[in-house]
Amino acid sequence: MPSHEMDVQKAFEISAKFLAHKTYHSLTYAVIHFLTSLEGVEDVASYEIFVDSACDGGISIRRFPLTLDENFSDRNTELLRQAISKSKGGLTGMKYKGQEFLLMDVVKDVIPRRAVLIKGAVSDHDLVMVQGVYGIYANQVALLDSKERDALTGLPNRQTLEFCLNDVVVYHRGAKKKGVKPSWMIALDLDHFKNINDTYGHLFGDEVLIHFTDLMKKIFRHTDFLFRYGGEEFVVILNNATPDEAIAAIERFHKEVESYNFPSGQVTVSIGYTIIDPITPPGLHFEHADRALYEAKRQGRNRIINYEDIVSTIKNRDDDIELF
């Protein structure tokens, strides 16, 4: 078979493999694996870029698959800041400190911005392949991003929560001995939201949800993960926080909601939360936070309940029972 026909066949095979991936996470892993296999490539790293006026260069950077440090930086940070500030998307070659790099910058219809940095000298032959990979990756990332987000609020949906939570648990299992602060699962539910829809209509209800989302984005950090779980229920994975820092952030958000002037008037929120223990199966963390949320609503709503406090109360009550 002539070499050009082999190249075409290889391109189709690679395309089919990438198009088969159903999540951004698995797709990005596959792209990194392929790029790393190319001759001359020394390293491949993927990043998520956030607009952040408080940071140098107006951006914050989170490395894929996961970094939970609010002030994350690595050996590529300065290069990324310089490159991203000039890039308008696409595939760009550059030199930095005598090293050759390629930047795959996905900007269209994607939140946050995605960047893949390739270190090394890629041959002209492989560069054509990389250009094709970029096109597939950019289109797939945009498509998957739209599927993994709630249409009304723009937040990741409940399907995305499972993948993200698993990554957080895996991260903490690997970082257990490094003094990393814990992560927390927080379940939030707008109180009496059905009354808002019944009284003012669903358009007002949608506006309340959008304002509520904006408050979440304002209070929580780019290193935290926000989700719309469904209806009026939301989830936050709060990262890199001591118990005191976690409750301070939760109380700050709780007060912000209570004092905010929503289109329908005052709105309150019930909150249940739990620590993300890397030993506990990931699926149980949401169940624990949801149990605490249920208890907050049972006690009259507009309050914050820690799941660990529920467990402690039950244990103490059982210890008080005398056996005869």
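Where is the place of Asn157? Asn157 sits in the loop between helix 4 and helix 5 (158-174). The model is predicted. The protein chain has 324 residues, of which 48% count as buried. Its secondary structure comes to 10 helices and 10 strands.

**Overall layout**

- Along the principal axes, the C-alpha atoms of the protein chain fill a box of roughly 85 × 55 × 40 Å.
- Among contacts in the protein chain with a separation of 6 or more, 64% are between residues 24 or more positions apart.

**Nonpolar cores**

- In soluble globular proteins, nonpolar side chains tend to be buried together.
- The largest nonpolar core holds 30 residues, and the members that touch the most others are Phe18, Leu35, Met104, Ile118 and Tyr137.
- Two or more residues of this core come from each of helix 1 (3-19), helix 2 (24-36), strand 1 (41-51), strand 4 (99-106), strand 5 (113-120) and helix 4 (124-147).
- Helix 4 supplies the largest share of this core, with 10 residues.
- Leaving out residues up to four places away in sequence, Tyr137 touches Tyr24, Leu27, Thr28, Val31, Ser46, Met104, Val106 and Val116.
- Another core, of 29 residues, lies apart from the largest one, and its members include Ile196, Phe212, Ile219 and Ile250.

**Packing of helix 6 and helix 7**

- Helix 6 (residues 193-200) packs with helix 7 (residues 202-219) at an angle of about 140°, and their axes are 6 Å apart.
- Because angles over 145 degrees are needed for roughly antiparallel, helix 6 counts as oblique to helix 7.
- On the helix 6 side the contact is made by Phe193, Ile196, Asn197 and Tyr200.
- On the helix 7 side the contact is made by His202, Phe204, Gly205, Val208 and Leu209.
- By type, the residues of this contact are six nonpolar, three polar and no charged.
- Ile196 appears both in this contact and in the core of 29 residues.

**Asn157**

- Asn157 has a relative accessible area of 11%, so this loop residue is buried.
- Beyond its neighbours within four places in sequence, Asn157 is in contact with Lys147, Glu148, Arg149, Asp150, Phe227 and Arg228.
- The side chains of Asn157 and Thr160 make a polar contact of 2.9 Å.
- From Asn157 to Lys297 the distance is 23 Å in space, C-alpha to C-alpha, and 140 residues in sequence.

**Glu295 in helix 9**

- Glu295 belongs to helix 9 (residues 282-298).
- Its relative accessible area is 13%, so Glu295 is buried.
- The side chain of Glu295 is joined to the side chain of Gln299 by a polar contact of 2.9 Å.
- With neighbours within four places in sequence set aside, Glu295 is in contact with Ile305 and Ile310.

**Tyr307 in helix 10**

- Tyr307 is part of helix 10 (residues 307-319).
- Tyr307 counts as buried because its relative accessibility is 15%, against a cut-off of under 20%.
- Not counting residues up to four places away in sequence, Tyr307 touches Tyr273, Thr274, His288, Arg291 and Ala292.
- Tyr307 and Arg228 lie 21 Å apart in space, C-alpha to C-alpha, with their positions 79 residues apart in sequence numbering.
- Arg228 is also one of the residues in contact with Asn157.

Note on methods:
Residues are numbered from 1 along each chain as its sequence is written. This is a predicted model: local features need pLDDT of at least 70, side-chain atom pairs count only at pLDDT 80 or more; totals for chains, interfaces and linings use all residues. Side-chain values use heavy atoms; hydrogens and water are left out. A nonpolar core is a set of buried Ala, Val, Leu, Ile, Met, Phe, Trp, Tyr and Cys residues joined through side-chain atoms within 4.5 Å. Buried means under 20% relative accessible area, exposed over 50%, partly exposed in between (1.4 Å probe, protein chains only). Helices (H or I, at least four residues) and strands (E, at least two) are DSSP runs, numbered from the N terminus. Contact means heavy atoms within 4.5 Å. Axes are lines fitted to C-alpha atoms, for helices over the stretch in contact, and angles run from 0 to 180 degrees between N-to-C directions. Angles under 35 degrees count as roughly parallel, over 145 as roughly antiparallel, 65 to 115 as roughly perpendicular and the rest as oblique. Ala, Val, Leu, Ile, Met, Phe, Trp, Tyr, Cys and Pro count as nonpolar, Asp, Glu, Lys and Arg as charged, and the others, Gly among them, as polar. A polar contact is a pair of N or O atoms within 3.5 Å; within protein, one must be able to donate a hydrogen and the other to accept it, and residues adjacent in sequence count only if both atoms are side-chain atoms.
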